[in-house]
Amino acid sequence: MDCVFCNIANGEIPSKKVYEDEKILAFHDLDPKAPVHILIIPKQHIASAWEITGENSGIISYIFEKAPQLAKELGLAGGFRLVNNCGNDGGQTVQHLHFHLLGGRSMEWPPG
Ligand code: 5GP
Ligand code: ZN
């Protein structure tokens, strides 16, 4: 298995976990871009948003259900940004679907 996030999900690569259940894992990004920068991943390997179908899209609503709860627990009462980068032009560098949960500072728009 050469997928970094699968290996984080199965514990082979250590991570600073903030939340875990049977479907998803949330952990601190190695190279944070904000005071709070968490990655939320499905435990199931899905390469990117391109691979979301009617069959597996339930995991997206599940992540969007959990993200605001996590944001609250992490003290982001002022708001947060939840980002998915997809493909080369989208800036995706790890080929396992993930959402960046960022907060603790005010964000620029457009992100650049
Ligand atoms: P992407 O650029 O694909 O949207 O985001 C990948 C993110 O994963 C980057 O922010 C990068 O810092 C983070 N990352 C890459 N490898 C690791 C790792 O081994 N552990 C953790 N915690 N984060 C990682
Ligand atoms: Zn994977």
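**Zinc site, fold and selected residues of a predicted model**

Phenylalanine 80 is partly exposed, with a relative accessible area of 37%. The value, like all others here, comes from a predicted model. Phenylalanine 80 sits in the loop that runs between α2 and β4, the latter covering residues 81–83. Beyond its neighbours within four places in sequence, phenylalanine 80 contacts Pro68, Ala71, Leu101 and Leu102. Proline 111 lies 31 residues from phenylalanine 80 along the chain, and the two C-alpha atoms are 14 Å apart.

The protein chain contains three helices and five strands. Their order along the sequence is α-β-β-β-α-β-α-β. The radius of gyration is 14 Å, close to the 13 Å that the globule rule gives for 112 residues, so the protein chain is as compact as a globular protein of that length. The C-alpha trace spans about 35 × 30 × 25 Å along its principal axes. Buried residues make up 39% of the 112 in the protein chain. The accessible surface amounts to about 6700 Å². Carbon and sulfur atoms account for 54% of that surface. Contacts between residues at least 6 apart in sequence were also examined. Of these, 55% join residues at least 24 apart.

The zinc ion (ligand 2) is held by four protein donor atoms. They are Cys3 (SG), Cys6 (SG), His45 (ND1) and His96 (ND1). Their distances from the zinc ion run from 2.0 to 2.3 Å. Along the chain, the donors follow the spacing C-x2-C-x38-H-x50-H. Cysteine 6 belongs to helix α1 (residues 4–9), whereas histidine 45 lies in the loop between β3 (36–42) and α2 (58–73), so this pair ties together parts that are 39 residues apart in sequence. The angles among the four donor atoms are 106 to 116°, and the site is tetrahedral. For reference, the ideal angle for four tetrahedral donors is 109.5 degrees.

Cysteine 6 and histidine 45 were also assessed for accessibility. Cysteine 6 has 8% relative accessibility and counts as buried, because the cut-off is under 20%. Histidine 45 has a relative accessible area of 40% and is partly exposed. Methionine 1 also meets this site through a donor residue: leaving out residues up to four places away in sequence, methionine 1 touches Cys6 and Asn7. Methionine 1 is located in the segment before α1. At 72% relative accessibility, methionine 1 is exposed.

The loop between β3 and α2 holds further residues of interest. Serine 48 is placed there. With 4% relative accessibility, serine 48 is buried. The side chain of serine 48 makes a polar contact of 2.9 Å with the side chain of glutamate 51. Serine 48 is also in contact with Cys86, Gln92 and Leu97, once neighbours within four places in sequence are set aside.

Asparagine 56 lies in the loop between β3 and α2 as well. Its relative accessibility is 16%, and asparagine 56 therefore counts as buried. A polar atom of the asparagine 56 side chain lies 2.7 Å from the backbone nitrogen of threonine 53. Apart from neighbours within four places in sequence, asparagine 56 contacts Ile46 and Glu51. Glutamate 51 thus appears in two sets of results: it has a polar contact with serine 48, and it is in contact with asparagine 56.

Two prolines complete the survey. Proline 35 occupies the loop between β2 (24–28) and β3. At 60% relative accessibility, proline 35 is exposed. Not counting residues up to four places away in sequence, proline 35 touches Gly103, Gly104 and Arg105. Gly103 falls within the range of β5 (99–103). Phenylalanine 5 is 30 residues from proline 35 in sequence, and the C-alpha to C-alpha distance between the two is 22 Å.

Proline 110 is found in the segment after β5. The peptide bond that joins tryptophan 109 and proline 110 is cis, with omega at about 0°. Most peptide bonds, by contrast, are trans.

Note on methods:
Residues are numbered from 1 along each chain as its sequence is written. Chains are lettered from A and ligands numbered from 1 in the order in which they are written. This is a predicted model: local features need pLDDT of at least 70, side-chain atom pairs count only at pLDDT 80 or more; totals for chains, interfaces and linings use all residues. Side-chain values use heavy atoms; hydrogens and water are left out. Donors are N, O and S atoms within 2.8 Å of the metal (3.2 Å for Na, K and Ca); water is not among the atoms, so sites may look incomplete. Four donors count as tetrahedral if all angles lie between 85 and 135 degrees; four count as square planar and six as octahedral if opposite donors are over 155 degrees apart and all others between 65 and 115; anything else is irregular. Helices (H or I, at least four residues) and strands (E, at least two) are DSSP runs, numbered from the N terminus. Buried means under 20% relative accessible area, exposed over 50%, partly exposed in between (1.4 Å probe, protein chains only). A polar contact is a pair of N or O atoms within 3.5 Å; within protein, one must be able to donate a hydrogen and the other to accept it, and residues adjacent in sequence count only if both atoms are side-chain atoms. Contact means heavy atoms within 4.5 Å. The radius of gyration is taken over C-alpha atoms; the globule rule is 2.2 Å times the number of residues to the power 0.38. Accessible areas come from the Shrake-Rupley method with a 1.4 Å probe; for residues, only the protein chains shown count as cover.
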